[in-house]
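Me: Please take a close look at chain C, starting inside the chain and ending at its border with a partner. I am new to this structure, so please define the terms as they arise.

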Amino acid sequence: MIDTSAIGLVQVEEDVKILAPNVIITTFDKIINWGRLSSMWPTTFGLACCAIEMMAAGAAHNDLDRFGIIFRGSPRQADCVIVAGTVTKKMAPVVRRVYDQIPEPRYVIAMGSCACTGGVFKTYSTVQGCDSFLPVDVYVPGCPPRPETLLEGLMMLQEKIRNEKARWSPWR
Amino acid sequence: MPGTYLPSEYLPVLIFIIIAEAFGFGALLIGMIFRPKKPYFEKLMPYESGITPKGEPRYKFSIRFYIIAMLFVVFDVEAIFLYPWAIVFDKIGIYAFIEMIIFIVILLIGYIYAWRKEAFEWD
Amino acid sequence: MAVTEVRTTIHPAGTDPVQIAEKIKELFPDQVIDVANFRDQVSVIIKKDMSVAILKYLHDDPLLSFDHLQDLTAVDYLKKKDVRFEVVYGLYSMKYRHQIRIRAQVAEDNPSIGSAVSIWEGANWHERECYDMFGIRFNGHPDLRRILMPEDWEGYPLRKDYPLKGPELEKDWIGFREVIRRSQELKEFEWEG
């Protein structure tokens, strides 16, 4: 029998499976989303202690390169930004500008408690969570989060990209 | 039509060129169609670590590049003249040899002049 | 093998910190308000008028030779003392290994004091931090501007009457309000899956 598990077949009746009408779009979706999630290139934006854990996640023991994640220095060559560390009000315009300069499709991971919600610092100079000026996709809490936690956050982002529908067409 | 020459043996080269161009331009064209086009001011600004760019984007580079390029052109053309002379060397006799020696000596004088004027120094 | 000379840390000529304080008292009798001694840490509390002269004497005197300004900071005694601020200078002598603390009282209505940059270059950023956090002006400082907070921040954060969580968003720093306003305007350009 032909192995039909790889093709996305849709069941219409009992024992009858057909190719869905939008098979071309969904196949393109799968291929393009797979391409995007397998080579997610973040901009290095380590602000404070979470940067150390981000470096540890990228180092030898927990390797990020095996996921296709290469840290790029410039946002122009990157896919996403990992905001790792405390965002102060003086630094907020810089973070926003770096996010603005990433070409689409772009994603934001807020790593650490300070980037998610301001952390322990409810003070005059700390932004209480970088989601007041950035559209965050994945929140990775922890102070600092272990490299495995950051890895799980990146896996969740990959899952989010895998479920995107037709985000490559001119009419998205 | 009499008198026209169709180089039909080179047809594969034409097909090769067309396919290569199609690959190159096709990639750019597909990108232009499927690319998101949503520019806004902050996205188009030149990148300077997140702050507003200060200062001139250009910087002065050394004039030595121009001097080296000029010298290269001159001596490269000399080498080009040496090639056909070398190919017919055994047929043209002693006079051609002496003439080429004179040619090389003239350019050698120019080379020594450039050397003494420190055109080959980088700093 | 030559035996190297071991330098003793106590120089014989009168460098016990209490004696240093006594010396300052006899040279500047009307400037010294008090001498505090807590577990051999001596602080001399002075008025701010001749603070630069006293510090210069402590730096230049060959038997005292306080060549290392270890720290320069300020304290806010809101309502606990009559004079609100105290600028604290922690001095150390690398030659004789003695240290002392000078506390200069600065009143709230004219919070300014002479700058120590002419004596120790390292006082530059410490004085900028005191200005940024407390609002104490240093007369004679070459470049007195904010160092930690943004240039146009209003208020002096480490004063005791400044709220810890900072101002409300409407009265917050203009730069931060700009970022939030602009990010609202650019909502259509976000790549929301």
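Reply: A residue is called buried under 20% relative accessible area, exposed over 50%, and partly exposed in between (1.4 Å probe, protein chains only). Helices (H or I, at least four residues) and strands (E, at least two) are DSSP runs, numbered from the N terminus. This is a predicted model, in which local features need pLDDT of at least 70 and side-chain atom pairs count only at pLDDT 80 or more, while totals for chains, interfaces and linings use all residues. Residues are numbered from 1 along each chain as its sequence is written, chains are lettered from A and ligands numbered from 1 in the order in which they are written, and side-chain values use heavy atoms, without hydrogens and water.

Helix α3 of chain C (residues 123–134) is largely enclosed by the rest of the structure, because 9 of its 12 residues are buried. Among them are C:R128, C:Y131 and C:F134. The buried residues pack against β3 (68–76), β4 (85–92) and β7 (137–139) of chain C, contact meaning heavy atoms within 4.5 Å. Just after the helix, C:G135 has a positive phi of about 85°.

At the border with chain A, 25 residues of chain C meet 24 residues of chain A. The two chains bury about 2,100 Å², 64% of it on carbon and sulfur atoms; buried area is the accessible area (1.4 Å probe) that two parts lose on being put together, summed over both. C:F176, C:V179 and C:W191 supply 34% of the area that chain C buries there, more than any other three residues.
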